[in-house]
Amino acid sequence: MSDFWPAVYALIPSIGVGILFYFAMRAIIRADRNERLAMAELDAQAEQAEVAARTAGDSSPTSA
């Protein structure tokens with residue numbers, strides 16, 4: 001039993017670093033996901049604006 005606590009104390013730093021790594025990777029993945037969602041939203045808005053501009057240009061009367 002006297003060998004148990006030194007082994008636990010030796011594992012504590014590794015567990016702490018593992019927990020920090022988990023939270024860091026979680027934050028990175030969430031940020032990437034949110035950025036991809038924002039970029040998709042901006043792309044959709046740009047596509048809508050382009051379609052609206054194209055249809056507005058096509059429906060304008062032309063002098064011939």
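A residue here counts as buried when its relative accessible area is under 20%, as exposed when that value is over 50%, and as partly exposed in between. Keep that yardstick handy as we walk through this predicted model. Take Ile-19 as a trial run: its relative accessibility is 45%, so Ile-19 counts as partly exposed.

Where does Ile-19 lie? Its home is helix α1, which covers residues 4-59. There isn't any other secondary structure to get lost in, as the chain has one helix and zero strands. How much of the chain is buried? Of its 64 residues, 0% count as buried. The chain exposes about 5900 Å², and 67% of that comes from carbon and sulfur atoms.

Now back to Ile-19, which has some company. Together with Leu-11, Ile-15, Tyr-22 and Phe-23, Ile-19 forms a nonpolar patch on the surface. Those residues add up to about 530 Å² of accessible area.

Two members of that patch lead us on to the aromatic rings. The structure holds three aromatic pairs. One of them is Tyr-22 with Phe-23, an edge-to-face pair with 5.2 Å centre to centre and 70° between the planes. If those two values seem an odd choice, it's because a pair of aromatic rings is described by the distance of the centres and the angle of the planes. That 70° is what makes the pair edge-to-face, because the label applies to planes over 60 degrees apart. Phe-23 itself has 45% relative accessibility, so Phe-23 counts as partly exposed. Elsewhere, ring pairs link Phe-4, Trp-5 and Tyr-9 into a cluster.

Let's turn to the charged side chains. How many salt bridges does a search of the whole structure find? The search turns up two.

One salt bridge joins the side chains of Asp-32 and Arg-36, at 2.9 Å from N to O. Why are these residues about one helical turn apart? Because Asp-32 and Arg-36 are four residues apart in helix α1. Asp-32 has 35% relative accessibility, so it counts as partly exposed, whereas Arg-36, at 58%, counts as exposed.

In the other salt bridge, the side chains of Arg-54 and Glu-50 meet at 2.6 Å, again N to O. Arg-54 and Glu-50 are also four residues apart in helix α1, so about one helical turn separates them. Both partners count as partly exposed: Arg-54 has 46% relative accessibility, and Glu-50 has 43%.

Key: Residues numbered from 1 in each chain as written. Predicted model: local features only at pLDDT ≥ 70, side-chain atom pairs only at ≥ 80, totals over all residues. Heavy atoms only, no water. Helix = DSSP H or I, 4+ residues; strand = E, 2+ residues; numbered from the N terminus. Buried < 20%, exposed > 50% of the residue type's maximum accessible area, 1.4 Å probe, protein only. Areas by Shrake-Rupley, 256 points an atom, 1.4 Å probe, with all protein chains shown as cover. Patch = residues over 30% accessible without salt bridge, like charges linked within 9 Å, V, L, I, M, F, W, Y side chains within 5 Å. Salt bridge = Lys/Arg side-chain N within 4 Å of Asp/Glu carboxyl O. Phe/Tyr/Trp six-rings, centres within 6.5 Å; stacked < 30°, edge-to-face > 60°.
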